[in-house]
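I set out to record what I looked up in this structure, entry by entry. The entries follow the order in which I took up each topic.

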Amino acid sequence: MPIATTGLVLRQVKLGEADQILTLLTPDLGVISASAKGSLRLKNKLFSACGHFSYSEFVLTSGRSHYFVDDAQVKKVFYGVSSTVEGLALASYMAEVAAELSPAPPEAEAQLRLLLNCLYMICEKKRPWRQLKAIYELRALCLAGYMPDVLACSACGKYDGGSFYFSPAEGRLLCAACADRERHLPNLDPGALYALRHICLSEDNKLFSFSLADASLKNLSGVCEQYLLTHLEHGLKTLDFLKTVVE
Ligand SMILES: [Zn+2]
């Protein structure tokens, strides 16, 4: 029985001369592997639909260990992603994170929407790469069930005023005074704290609507990355690569 689904190509592994094994993020099947025979040939009907970061309509059949792509029609290609090295490196990192988190339905649909929106924003080039990276890292974790407690200091209930410490391991906030008692240095200035709450709590259509001074953005970015890496429990090759091409 063929299955029709939309999907975003997260990863391609070349097999033989012109075949590929794709990693797809789909709303209904989660993250799957699918073999696409002949899809690396320019004239093959699958060529553009199976390209990196192609968002396509797939017709799949289920095999023993993975799916087979019988047919595919491209819906959207994020050409702008590869127009800069930074954009491509950032998008590749996001795709690796999505594959690592490997969401199942119904979470997969929300994760797919988030990633598509981030790829769109990378193409638009209207937000700093650090902001898009932080938004993706934190929001993807929230969708995966790791919503941190960002409302107030977890020890004394203080809501704002001055810098705060966010614990990547525990996903909670401490005000500067409580952080000091637990021998932590604050890692969020007021601007970064505002943005942290915004990313966790805002609606989808407002997610990208904030701007931060560079220093605050660096704080936010550091905290979101640590939070993600703490949960994945290992580094990512695409993150190492991203760091070699930015700043
Ligand atoms: Zn406190």
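**Charged pairs**

I looked up Lys-75 and found that it forms a salt bridge with Glu-57, the closest N and O atoms being 3.8 Å apart. I then placed the two partners: Lys-75 belongs to strand 5 (residues 67–77) and Glu-57 to strand 4 (residues 54–62), so this pair ties together parts 18 residues apart in sequence. I note that the model is a predicted one. I also searched the whole structure for such bridges, and the search gave 10 salt bridges.

**Domain layout**

I next asked how the chain is divided. I recorded domain 1 as residues 3–77 and domain 2 as residues 81–245. Taken over C-alpha atoms, the centres of domain 1 and domain 2 are separated by 29 Å. I listed the residues in contact and obtained 14 from domain 1 and 18 from domain 2.

**Interface between the domains**

How much area is buried between domain 1 and domain 2? I noted a value of about 1,200 Å², with carbon and sulfur atoms giving 83% of it. I then looked up which residues of domain 1 lose the most area to domain 2, and these are Leu-25, Pro-27 and Phe-53, together accounting for 44% of what that side buries.

I checked the interface of domain 1 and domain 2 for salt bridges, and the rule finds zero. I checked polar contacts as well: between domain 1 and domain 2 the count is zero residue pairs, where both residues must have pLDDT 80 or more.

I turned to the elements on the side of domain 1 that touches domain 2. Strand 1 (3–15), strand 2 (19–26) and strand 3 (30–36) each supply at least two residues of that side. Strand 1 provides the largest share, four residues. Sorted by class, I found eight nonpolar, four polar and two charged residues on that side of domain 1.

**Phe-53**

I returned to Phe-53, already listed among the residues of domain 1 that lose the most area to domain 2. I located Phe-53 in the loop between strand 3 and strand 4. Its phi is positive, about 65°, although Phe-53 is not a glycine.

**Aromatic pair**

I searched the whole structure for aromatic pairs and found one. The ring centres of Phe-166 and Tyr-227 are 5.3 Å apart and the ring planes stand at 80°, so I entered the pair as edge-to-face. I placed Phe-166 in strand 7 (residues 164–167) and Tyr-227 in helix 6 (residues 214–232); the pair links distant parts of the chain, 61 residues apart.

**Cis peptide bond**

Which residues does a cis peptide bond join? I recorded Pro-105 and Pro-106, with omega about 0°. I found Pro-106 in the loop between helix 1 (85–101) and helix 2 (107–124).

Methods: Residues are numbered from 1 along each chain as its sequence is written. This is a predicted model: local features need pLDDT of at least 70, side-chain atom pairs count only at pLDDT 80 or more; totals for chains, interfaces and linings use all residues. Side-chain values use heavy atoms; hydrogens and water are left out. Domain bounds come from an automatic or database domain assignment. Contact means heavy atoms within 4.5 Å. Buried area is the accessible area (1.4 Å probe) that two parts lose on being put together, summed over both. A salt bridge is a side-chain nitrogen of Lys or Arg within 4 Å of a carboxyl oxygen of Asp or Glu. A polar contact is a pair of N or O atoms within 3.5 Å; within protein, one must be able to donate a hydrogen and the other to accept it, and residues adjacent in sequence count only if both atoms are side-chain atoms. Ala, Val, Leu, Ile, Met, Phe, Trp, Tyr, Cys and Pro count as nonpolar, Asp, Glu, Lys and Arg as charged, and the others, Gly among them, as polar. Rings of Phe, Tyr and Trp (its six-membered ring) pair if their centres lie within 6.5 Å; planes under 30 degrees apart count as stacked, over 60 as edge-to-face and the rest as tilted.
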